Amino acid sequence: MNIRTTKANGHIIAIANADSVVLMDEQSALDLIMTISYDHRSNRIALYKEAISEDFFNLSTKLAGAVLQKFVNYNIKFAIIGDFSSYTSKALKDFIYECNKGNNVFFVSSEQEAIDKLSKAK
């Protein structure tokens, strides 16, 4: 996994990309949180969609809720970067919409949008 950081609005934002799936369950979410928190001193993480298991985007698996709860519990602001237009599930579209209205989890289309959202999150 490739992790780099940038500073914006007084916050260190970690941007992670991987050639394979690195977020596949609750334990891998915790591993990601701890690695970035400890190694990069950041509580704001942007991760490319390709590094996340497709099961995450199937809400019936309940993986998204379980994983995102970990980020909230550890006070980590989290952005997922990617194109979500190929998903047809109304439930997923509603979930993305509601997340984007909040202050903890964002589904964004570009790295710059992730940086903007994460740097302004309270």
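Four helices and five strands make up the protein in this predicted model. Walking along the sequence, the order of elements is β-β-α-β-α-β-α-β-α. The radius of gyration comes out at 13 Å, close to the 14 Å that the globule rule gives for 122 residues, so the protein is as compact as a globular protein of that length. In terms of extent, the C-alpha trace covers about 35 × 25 × 25 Å along its principal axes.

As for packing, 43% of the 122 residues count as buried. Take the contacts between residues at least 6 apart in sequence: 72% of these join residues at least 24 apart. The accessible surface adds up to about 6,500 Å², with 48% of that belonging to carbon and sulfur atoms.

On the charge side, the books balance at 14 positive and 14 negative side chains, and the centres of the two sets sit 10 Å apart. Side chains of opposite charge can pair when their charged atoms come close. Here the count comes to four salt bridges. One of them links Glu 26 to Lys 70, with the closest N and O atoms 3.4 Å apart. Since Glu 26 belongs to helix α1 (residues 26-40) and Lys 70 to helix α2, this pair ties together parts that are 44 residues apart in sequence. Glu 26 itself is partly exposed, at a relative accessible area of 38%.

Helix α3 has salt bridges within its own length. Lys 90 pairs with Asp 94, and their closest N and O atoms are 2.8 Å apart. These two are four residues apart in helix α3 (residues 90-101), which puts about one helical turn between them. Lys 90 counts as exposed at 59% relative accessibility, while Asp 94 is partly exposed at 37%. Further along, Glu 98 forms a salt bridge with Lys 101, this time with the closest N and O atoms 3.9 Å apart. That pair also lies in helix α3, three residues apart, or about one turn of the helix. Glu 98 is partly exposed, with a relative accessible area of 46%, and Lys 101 counts as exposed at 55%.

Backbone angles offer a couple of oddities too. Most residues other than glycine have a negative phi. Lys 62, though not a glycine, has a positive phi of about 65°. Lys 62 is found in the loop between β3 (44-48) and α2 (63-73), and at 64% relative accessibility it counts as exposed. Asn 75 is another non-glycine with a positive phi, here about 55°. Asn 75 lies in the loop between α2 and β4 (77-81) and is partly exposed, with a relative accessible area of 47%.

Note on methods:
Residues are numbered from 1 along each chain as its sequence is written. This is a predicted model: local features need pLDDT of at least 70, side-chain atom pairs count only at pLDDT 80 or more; totals for chains, interfaces and linings use all residues. Side-chain values use heavy atoms; hydrogens and water are left out. The radius of gyration is taken over C-alpha atoms; the globule rule is 2.2 Å times the number of residues to the power 0.38. Buried means under 20% relative accessible area, exposed over 50%, partly exposed in between (1.4 Å probe, protein chains only). Contact means heavy atoms within 4.5 Å. Accessible areas come from the Shrake-Rupley method with a 1.4 Å probe; for residues, only the protein chains shown count as cover. Lys and Arg count as positive and Asp and Glu as negative; His and the chain ends are not counted. The place of a charge is taken as NZ of Lys, CZ of Arg, CG of Asp or CD of Glu. A salt bridge is a side-chain nitrogen of Lys or Arg within 4 Å of a carboxyl oxygen of Asp or Glu.
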